[in-house]
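Work through the exercises below with the sequence and the model side by side. Try each task before reading its solution.

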Amino acid sequence: MDHPAWVRGPDGEFQFLGSVAQIYLEGAARREFGDFAMFDLPAFELKEERIHSRACDDLLGCAGIICTFYELERREADVNCVGIFTRAEEVGFAGAIELARTGALPEALTIFSLETSTPRGGAEMGRGPIVRVGDRLSIFDDAGTSHLLDVAKRTGIPVQRCLLDGGACEASAYQLYGYRCIAASLALGNYHNCAPDGTIACEYVSIDDYSNMVRLCVALARSGIESGNTLPARRLELEKKADAFRSFYRPLH
């Protein structure tokens, strides 16, 4: 499962899977799709500069990957990147963990995890995609995150930098197997379809945030990320920042 929903069991009855409090499920209408069922909500609507859907999480991450490749193709960009789609995130990152376990991905690959999440730590919807420095399980690669922020700054893409520790994402799963990971998130409203008033409603995100997420992905792909552990060019840049940091704080001691 990649979003809270029902699955038909061997006895023919539907079982709900997903982190939604029981109070929200009482009386909630559902729509069946064979052996699966979801909340009976619109699949897609545009309202007040926002995308509304019964499943933004993690569907918009998938859509973002597709739009990124469309834009790279449209611009005839000469880049080297891959799009990865995995299943069963909601029940324990089963797809991501299995892929990482196989070793099919190159060790030097930098994983850029895309997702949606409830804003925390001062993040706000409409102020740009959130460069996620970590989740409740781990902190992501510092040099890669810094590179991502530099790309956003150079290309004029508005972003926010926050620790979203309310949950976990695939980046933590890949890091368990030694992959270098960075992440970005779209601020999400009505997480898991749970509205503040206690009802079931569509999830939603800002159209501008989504558009800027795609722009960020395209810019990152075109910038390139140094592979391996040495990162000589990036390390030199970080050393310059460290010197500036020391110069700033030296008078304070």
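**Exercise 1. Two positions in helix 2**

Task: Find which residues C67 contacts, leaving aside its neighbours within four places in sequence. Then place C67 in its element and give its exposure class.

Solution. Start with the contacts. Beyond those neighbours, C67 is in contact (heavy atoms within 4.5 Å) with Y210 and V214. This is a predicted model, in which local features need pLDDT of at least 70, side-chain atom pairs count only at pLDDT 80 or more, and totals for chains, interfaces and linings use all residues. Residues are numbered from 1 along each chain as its sequence is written, and side-chain values use heavy atoms, with hydrogens and water left out.

Next, the element. C67 lies in helix 2. Helices (H or I, at least four residues) and strands (E, at least two) are DSSP runs, numbered from the N terminus.

Now the exposure. C67 counts as partly exposed because its relative accessibility is 30%. Buried means under 20% relative accessible area, exposed over 50%, and partly exposed in between (1.4 Å probe, protein chains only).

Last, a distance. C67 and R215 are 148 residues apart in sequence, yet 9.4 Å apart in space, C-alpha to C-alpha.

Task: Is E71 buried or exposed? Which residues does it contact, leaving aside neighbours within four places in sequence?

Solution. E71 also belongs to helix 2. Its relative accessibility is 17%, so E71 counts as buried. Its contacts outside those neighbours are V214 and V218. The C-alpha atoms of E71 and C217 are separated by 9.8 Å, with the two positions 146 residues apart along the chain.

**Exercise 2. The nonpolar cores**

Task: In the largest nonpolar core, which residues touch the most other members? Which element gives the most to this core?

Solution. Fix the term first. A nonpolar core is a set of buried Ala, Val, Leu, Ile, Met, Phe, Trp, Tyr and Cys residues joined through side-chain atoms within 4.5 Å.

The largest has 26 residues, and F112, L114 and L148 touch the most other members. Two or more residues come from each of helix 2 (59-74), strand 7 (110-117), helix 4 (142-155), strand 10 (180-187) and helix 6 (207-223). Helix 6 gives the most to this core, with 9 residues.

Take F112 in turn. Neighbours within four places aside, F112 is in contact with L148, I182, A183, A184, L216, C217 and L220. Another core, of 15 residues, lies apart from the largest one; A100, F140, A173 and A183 are among its members.

**Exercise 3. Helix 3**

Task: Which residues of helix 3 are buried, and what covers them?

Solution. Helix 3 spans residues 94-102, and its buried residues are A96, I97 and A100. They sit on the same side of helix 3 because they cover an arc of only 95 degrees around the axis. The arc is that of the directions from the helix axis to the C-beta atoms. Helix 5 (170-175) is included in what covers these buried residues. Just after helix 3, G103 takes a positive phi of about 75 degrees.

**Exercise 4. Pockets and a cavity**

Task: How many residues line the largest pocket, and how do they divide by class?

Solution. The search uses a 1 Å grid over the protein atoms alone: a cavity is a set of points where a 1.4 Å probe fits but cannot get out, and a pocket is an open set with protein on both sides within 12 Å along at least five of seven lines. Lining residues have an atom within 4 Å of a point. Grid points are joined across faces, edges and corners, and a volume is the space filled by probe spheres set on the points.

- The largest pocket holds about 1400 Å³ of space.
- Its lining has 47 residues, with I65, G83, I84, F85 and F112 nearest the centre.
- Helix 2 supplies the largest share of that lining, 6 residues.
- By class the lining has 28 nonpolar, 11 polar and 8 charged residues.

Ala, Val, Leu, Ile, Met, Phe, Trp, Tyr, Cys and Pro count as nonpolar, Asp, Glu, Lys and Arg as charged, and the others, Gly among them, as polar.

Task: Which residues line the largest cavity?

Solution. The whole structure has 1 cavity of 30 Å³ or more. Its lining is L60, G61, G64, L114, E115, T116, L186, Y210 and M213. Helix 2, strand 7 and helix 6 each give two or more residues to this lining.
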